[in-house]
Amino acid sequence: MRLVIAQCQVDYTGRLTAHLPWARRLIIVKADGSVSVHADDRAYKPLNWMSPPCTLTEREPAADEAAAVSALDPQITTVWEVDSAGGDHLQILLGDISLDVTEELGVDPGLQKDGVEAHLQELLAENPDAFGEGWSVVQREYMTPIGPVDLLCRDAEGTYVAVEVKRRGEIDGVEQLTRYLDLMNRDHLLGDHVLGVFAAQQIKPQARTLATDRGISCLTVDYDALRGMDHPEERLF
């Protein structure tokens, strides 16, 4: 992992355009190739980012960088060009750098899911009809080059489907499934196109919007009904 604190200006072009004016920020480059730009707020959420797979190229600034106003040109020391496989582009103009360190973190054991989330995954594996009639589970914890996707299923048409299971569905979970799908869709053994399902007890509106934009289906799971403990006749209300 590489951590850089520097004066910078960031411009993104792709599905839309976004601009971060000149300011002091933290830039994180991870071993998976992802690049994210952070301010000193917003908790863990970056101001802008590029998900893997992507390539980072560092170069000397040109005489007149098109994305910079002329007053900033003398302050620019390095230019980062970050490109995704899908054609998205992130340009980071770096000025004064106060920190630039690289540390090897080693292999992470992964997130240890709480009991509810782990049990939810187990219940969905035992009840694939929760996704639709004719579905079947091929494998739990299907390993990809960057970690395991919770369930690998087949739908009624025989198409492979990657399912990510969360107790609470947030944007990070959608990003995680997006990375898995990108790699799985390069595996010819899985067919021409692997579909994605984001399953959770609660799915935040922002996560649902992002999933829909990326062609990922969302499933809100009733945990009690799935484990056969939801008996309406026993309720007082």
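Which strand holds the place of Asp83? In this predicted model, Asp83 sits in strand 6, the run covering residues 78-84.

**View 1. A close-up of Asp83 and its surroundings.** Let's start with accessibility: Asp83 comes out at 31%, so it counts as partly exposed, given that the partly exposed class lies between under 20% for buried and over 50% for exposed. Skip the neighbours within four places in sequence, and Asp83 is in contact with Cys54, Thr55, Asp88 and His89. With His89 there is also a polar contact, side chain to side chain, at 2.7 Å. Met50 is worth picking out here too: its C-alpha is 8.0 Å from that of Asp83, while the two residues are 33 apart in sequence.

**View 2. An open sheet of 5 strands.** Read across the sheet and the order goes 8-9-10-11-12, with mixed pairing. Strand 8 (136-144) and strand 12 are the edge strands; each has a single partner strand, so one side of each has no neighbour in the sheet. On average, neighbouring strands here are turned by 30° against each other, if you ignore direction.

**View 3. The pairing of strand 8 with strand 9.** These two run antiparallel and share 7 bridges, with strand 9 spanning residues 147-154. One bridge to look for joins Thr144 to its partner Gly147, in strand 9.

**View 4. Two helices on the sheet.** Helix 2 packs on the sheet and touches strand 8, strand 9, strand 10 and strand 11. The direction of helix 2 makes about 165° with that of strand 10. Helix 3, for its part, lies across strand 10, strand 11 and strand 12, and runs at about 170° to strand 11.

**View 5. The buried and exposed sides of helix 3.** Within helix 3 (residues 205-213), the buried residues are Ala207, Leu210 and Ala211. Looking down the helix axis, the buried residues fall within an arc of 100°, so they line one face of helix 3. What do they pack against? The partners are strand 10 (160-169), helix 2 (171-184), strand 11 (195-203) and strand 12 (217-220). Swing round to the other side of helix 3 and you'll find Pro205, Thr209, Thr212 and Asp213, which are exposed. One last backbone detail: Gly215, just after helix 3, takes a positive phi of about 75°.

Conventions
Residues are numbered from 1 along each chain as its sequence is written. This is a predicted model: local features need pLDDT of at least 70, side-chain atom pairs count only at pLDDT 80 or more; totals for chains, interfaces and linings use all residues. Side-chain values use heavy atoms; hydrogens and water are left out. Buried means under 20% relative accessible area, exposed over 50%, partly exposed in between (1.4 Å probe, protein chains only). Helices (H or I, at least four residues) and strands (E, at least two) are DSSP runs, numbered from the N terminus. The arc is that of the directions from the helix axis to the C-beta atoms. Contact means heavy atoms within 4.5 Å. Two strands pair if DSSP finds at least two bridges between them. Axes are lines fitted to C-alpha atoms, for helices over the stretch in contact, and angles run from 0 to 180 degrees between N-to-C directions. A polar contact is a pair of N or O atoms within 3.5 Å; within protein, one must be able to donate a hydrogen and the other to accept it, and residues adjacent in sequence count only if both atoms are side-chain atoms.
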